[in-house]
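Please explain how the helices of this protein pack together, and go through its cysteines and its unusual backbone geometry. A plain account in running text will do.

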Amino acid sequence: MKAIRLRCEQMENPLGIDVQKPCLSWICQDGIHQTAYEIEAKTGEDVIYNSGKVASDSMNVMLDADLASKQQVVWHVRLWDEKDVCGEWSQDAHFEMGIIKADQFVAKWINPEGQINTDEMQPVSYLRKTFTFDGNAKDARAYVSAHGIYEVGINGKRVGDFVLAPGTSSYDKQMPYQTYDVTELLENGENTITAEVADGWYRSYSGVDGDRNLFGTELAFFFQLENAGQVICISDETWEVSQAGPLRQADMQMGEVYDANKEDITDWHGVSVVDADNSLFKATNSVPVQEHEHFEGKIMTTPNGETVIDYGQNLAGYICFTLEAHEGDRLVLTHGEALDENGNFTAENFQDRKRHKGGGTEQKVTFICKEGTNTYHTKFSIWGFQYAKVETDIDLSTAHFESIAVYSAMEQIGHFSCGNADVNQLVHNSIWSQKSNFCDVPTDCPTRERAAWTGDAGVFVDTGIFLEDCYSIFRKWLGECRLMQYDDGKIANIAPLNSKPSFFSGLLSGSTGWGDACIIVPYALYKRYDDVRILEENYDMMKKWYAFLEDRAKKKDIKKIFKKKSPYRDYTIETGIDYGEWCEPGVDSASLMGKTPVDSATAYFAHSGKMLSEIAQILGHEDEAKHYAEVSEKATLAFRDAATENGKIIGERQAPYVRAIAFDLLTEEDKKQAVEDLNALVVKNDYHLNTGFLSTPFLCQVLAENGHTDTAYRLLLQDTAPSWLYEVKKGANTVWETWDGINEKGEVHASLNHYSYGAICGWLFGGVCGIHLENKHVTIHPYPDASLGYAHAEYVSPVGKIVSAWKYEGDNIHYTFEIPANVTAEVYLEDGQKVTLEAGKHEIVSK
C-alpha cells in the first residue's frame, strides 16, 4: 500500500504558512485497507518528528512538532495494509513556515505617494531599489505585503504568480503577506528590485455602493528579502518612486488607464516611512489567486453599428491585447456580461448608478498608444464580463485580444456527465460561476459587488467542495467572518468589509439563514474533510451567534401579544430583520427586508442548534452540547406551533415545505403529509420551482428521498422559467442571480454570474449519482431515472477517487462504482438492494 497526493493544510507543498501544527494528509493507493501509518519529518538532516508505527486508518494527522519561523520541513509517510505488510515510503512532500514573530519583520512600511487628493484616483506608484549582493543565492525568500495591491520584480523578472496580491482581508484587523522563493532571481553583484503598488481592495471603488478608501487613504509597501535566513534588502527610506509611469489609474472595479508613451519612467523621488502594526501580519495559508484559462476574442459589429469583442465565456478576470497603432491613438474597452434584447452591448444589468459613488461600475480600459506595436496586460483590476465594447479609430484587423480568467488556484475535483446536454451545460455553468467568484474568498458576483456574502456561501458549500478543491478558500473566509463578528454575536453579512458600515447593515447582520453560515460552512467542511480543527477554529464564533439567536427569540413582537400563546414562544423568532429566501420567483425580496419570516427564522434556529449540539459533542463540551440540543428541540416544537396548523404547513409557497422536510422539523406523519403537499404544489405550478436562495438546494433532494423522484427530475429538466435549464436554453454559460436574468423578450437584468443557484449540482453528485462522504464513511445511494438515460459522477475526494455511474439498458439499470482504497462503501440500489463494496471497481446490474 502506498500514500499519494500528500497535502499540508489541504495544499500541495505550501510556502510561507504560519499554522503551528499543520495538518498532513494523504490518500491511499493499492491494497484495500490501511491498518497503520508512519510519518517522518525532517529539517535538513535532522528528524524533527517520527510517529513510529501508529495503528490507525486515519489519513490526516496534525504534525506535533515545535515549528519555528522560516523552518523548512520535508516529510513522507508509509502505510501498512490489511495484511500488515509495510509499503514503501511515499515521495517527499514539503512545506515551509513563514515569519511567525512580529519582531522578525524588520523592513519598514513605506508610503510611495506623499500628499495626494484623496477624493481622486491616483496613478500607480512605481518603486525601485538597487543593492549589491555578494555571495551564493541559497533559500532566498521575499516577504511582501501592501496597503493596496502589488507586483514585484527582481532583475526584470516577475516574483511569483500571485495576482492581486496580497489578497483581500479585513486590513484594519489582519494584514496578509506572501512568501516567495526568489533564489533563481538573485545575481551575484548588483540587483534591482522593482515594485508597482495600486489601490486594490484597500482603497478602490467597492461594492454596489461604490465606496472608496474603505481601509485608508494612503498606500504603503512592505518588502523584506533574505538569503539563507539573513536580511539582505528591505523597504526603507532609501527606495525611489515615481508616479509618472504608464498606469495612470488602476481601480479594481472601475478599470485601468494606460499610457504606453510613459513606459520609460522618469521623475523619481523619495519615499516616506510610515508606522504600521506588524503584529497584524498573517500568512496567507491559502492557495494563491492566479491567471488561468485564456479565451480569444472575436470582433463583431452589433446592430447599432458598435464594435464589440466576444470572448465566448462569461468569467471574472481581465484582458491582454496586441495591436499596431500611431502615437496618441486611443482605445477604450468597456466590459459587460451580455448583449441586450436588440443584440447590442450593455452593462446596465449590473448598475445602480444612483447608489454608486462613482456613478456606476465602469469595468473600463482606456489605452493611449505609442507608435508601432502596443501590448497591454491588465494587472490591478478585475471584472465580470464576456463582451467588450470598443471605442477607437484604430485599425484592428491585425489586433489580437484575449480574456484571462482569474481565480484562486483550485483544481476541479468533481466531474459529472449524463444523457442530457442541457444538464451537462448547467454543470459547466456552475463550475464557471464558482471560478468567477472564488477570488481569495467566495463572493456573490464579479461585477457590481464582489462581496463575500454569508448566505451564498452557506447554500453552496456542499456543492462547491464537490466541484473544486476549495477548502482553504472557505477556511480563509471563515477567518474573515470571525474578524467581522459583532460584539453582540451578529455575523456580518459580508466578510471582509465591502462597503462602509451603516446602521441598516448592522441590523441585517442578524439575518437567519445567512448568519447561520458560520455554523453550516464549518460543519460541512468537517463532515467532508474529517478535520476537527475547522470546528475548533470557529466554535467561539458559532456560540456567540447562537447566543444572539437565543436572545433574539426572547424578544417578542408586540403586535402578536394577544395571539395564541405557545408554550414555546421563547423559542420562536418573530422580531428582527432578515433577508429571507432572496430572489424567490414572484416575490419582491427587497420589500420583505425588515419583516421577520417566522417560519424560516425559527426553522434555522432549530437547525443550527442541532448542528451546534453535535459540534459541541465532537469537541468534548458535554454541557454545551446538551444545552444546544434542548434549545433545538424546543425551537423545533416552536416551529411546528408557528408554521403548521393541525400538522400541515401553512402556505402555498414551496420553500416552507422544503425547509421543514430538509431540516427534519416535523413528526414522521406530518412529514409524509408535507412531502405530498410539496409535490402537489410543484405539480400545480406545472413542474416549476418557486423557491429562493435558501431552500432551492434542497428541493430535488427532499422530493427524491421521499418517493417523488419523477417530480425531482421533471423539475431538473424543466426549461421554461423559473427553472435551472431556462438560462441554458437562453445560451448562458454561467449561473444567473435570478431565474429570469434574460427574460423571454431578451431583456437583461441583475447579475449573470452568481453561483448560488448552481447548488443544484450538489444533488447531481449526491442525489442523481448518490455520493455521500461523511468523516471518511462513504455511502452511495443513486436515484436513477430513465429521463437522463445515464449519469456518471467522478469525485476526487479527500479519501480518494469515488465513481458512481448508472445507465439504462432495456429494463435493467447497469451500475458502475469505484471505491478508493481504505474505504468501505454502503451502496443502496433502486431495487432495494443494499450491498457493501470494498476498494476497487464494481459492476452491478439491477432491474
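The paragraphs below take helix packing, then one buried helix, then cysteines, then the backbone, and last a single strand residue.

The model is predicted. Helix 7, residues 533-554, is a good place to begin, with helix 4, residues 471-484, as its partner: the two axes come within 10 Å and cross at roughly 20°. An angle under 35 degrees counts as roughly parallel, so helix 4 and helix 7 are described as roughly parallel to each other. Their crossing is left-handed. On the side of helix 4 the contact is made by Tyr-471, Arg-475, Leu-478, Cys-481 and Arg-482, and on the side of helix 7 by Arg-533, Ile-534, Glu-537, Asn-538 and Met-541. Sorted by class, this contact has 5 nonpolar, 1 polar and 4 charged residues.

Helix 7 also packs with helix 6, residues 517-529, at an angle of about 160° and with the axes 9 Å apart. Angles over 145 degrees count as roughly antiparallel, and therefore helix 6 is roughly antiparallel to helix 7. The crossing of helix 6 and helix 7 is left-handed. Helix 6 contributes Cys-518, Ile-519, Pro-522, Tyr-523, Leu-525 and Tyr-526, which meet Ile-534, Leu-535, Asn-538, Met-541, Met-542 and Trp-545 of helix 7. The residues of this contact divide into 11 nonpolar, 1 polar and no charged. Ile-534, Asn-538 and Met-541 of helix 7 appear in the contact with helix 4 and also in the contact with helix 6. As background to such spacings, an α-helix has 3.6 residues a turn, so residues three or four places apart point the same way.

Another pair lies further along the chain. Helix 11, residues 655-662, and helix 12, residues 668-684, have axes that come within 9 Å and cross at roughly 145°. This crossing, of helix 11 and helix 12, is left-handed. Tyr-657, Val-658 and Ile-661 of helix 11 touch Lys-671, Ala-674, Val-675, Asp-677, Leu-678 and Leu-681 of helix 12. By class, the contact of helix 11 with helix 12 has 7 nonpolar, no polar and 2 charged residues.

How many residues of helix 16 are buried? In helix 16, residues 760-768, 9 of its 9 residues are buried, and the helix is mostly covered. The buried residues are Ile-760, Cys-761, Gly-762, Trp-763, Leu-764, Phe-765, Gly-766, Gly-767 and Val-768. Just after helix 16 comes Gly-770, with a positive phi of about 70°.

The cysteines are next. A disulfide is a covalent bond between the sulfur atoms of two cysteines. The cut-off used here is a sulfur pair within 2.5 Å, and by this rule the count comes to 0 disulfides. Why is Cys-439 not in a bond with Cys-445? The closest cysteine sulfur to that of Cys-439 is in Cys-445, 13 Å away, which is too far for a bond. Cys-583 is in no disulfide either, and the nearest cysteine sulfur, again that of Cys-445, is 11 Å away. Cys-439 counts as buried because its relative accessibility is 2%, and Cys-583 counts as buried at 13%.

The backbone has cis peptide bonds to note. One joins Ala-165 and Pro-166, with omega about 15°. Pro-166 sits in the loop between strand 14 (157-158) and strand 15 (175-181). Another joins Ala-721 and Pro-722, with omega about -5°. Pro-722 is placed in the loop between helix 14 (709-717) and helix 15 (724-729).

Positive phi also occurs outside glycine. Asp-139, not a glycine, has a positive phi of about 50°, and lies in the loop between strand 11 (125-133) and strand 12 (141-147). Asp-139 counts as partly exposed, at 31% relative accessibility. Arg-450, not a glycine, also has a positive phi of about 50°. Arg-450 belongs to the loop between strand 37 (441-442) and helix 3 (454-467). With a relative accessible area of 12%, Arg-450 is buried.

Last comes Arg-78, found in strand 8, residues 72-80. Is Arg-78 buried or partly exposed? Its relative accessible area is 24%, so Arg-78 is partly exposed. Neighbours within four places in sequence aside, Arg-78 is in contact with Ala-36, Tyr-37, Glu-38, Cys-86, Gly-87, Glu-88 and Trp-89. Arg-78 and Lys-53 are 25 residues apart in sequence, and their C-alpha atoms are 9.1 Å apart in space.

Notes. Residues are numbered from 1 along each chain as its sequence is written. This is a predicted model: local features need pLDDT of at least 70, side-chain atom pairs count only at pLDDT 80 or more; totals for chains, interfaces and linings use all residues. Side-chain values use heavy atoms; hydrogens and water are left out. Axes are lines fitted to C-alpha atoms, for helices over the stretch in contact, and angles run from 0 to 180 degrees between N-to-C directions. Helices (H or I, at least four residues) and strands (E, at least two) are DSSP runs, numbered from the N terminus. Angles under 35 degrees count as roughly parallel, over 145 as roughly antiparallel, 65 to 115 as roughly perpendicular and the rest as oblique. A crossing is left-handed if the near helix is turned anticlockwise from the far one by less than a right angle, and right-handed if clockwise. Contact means heavy atoms within 4.5 Å. Ala, Val, Leu, Ile, Met, Phe, Trp, Tyr, Cys and Pro count as nonpolar, Asp, Glu, Lys and Arg as charged, and the others, Gly among them, as polar. Buried means under 20% relative accessible area, exposed over 50%, partly exposed in between (1.4 Å probe, protein chains only).
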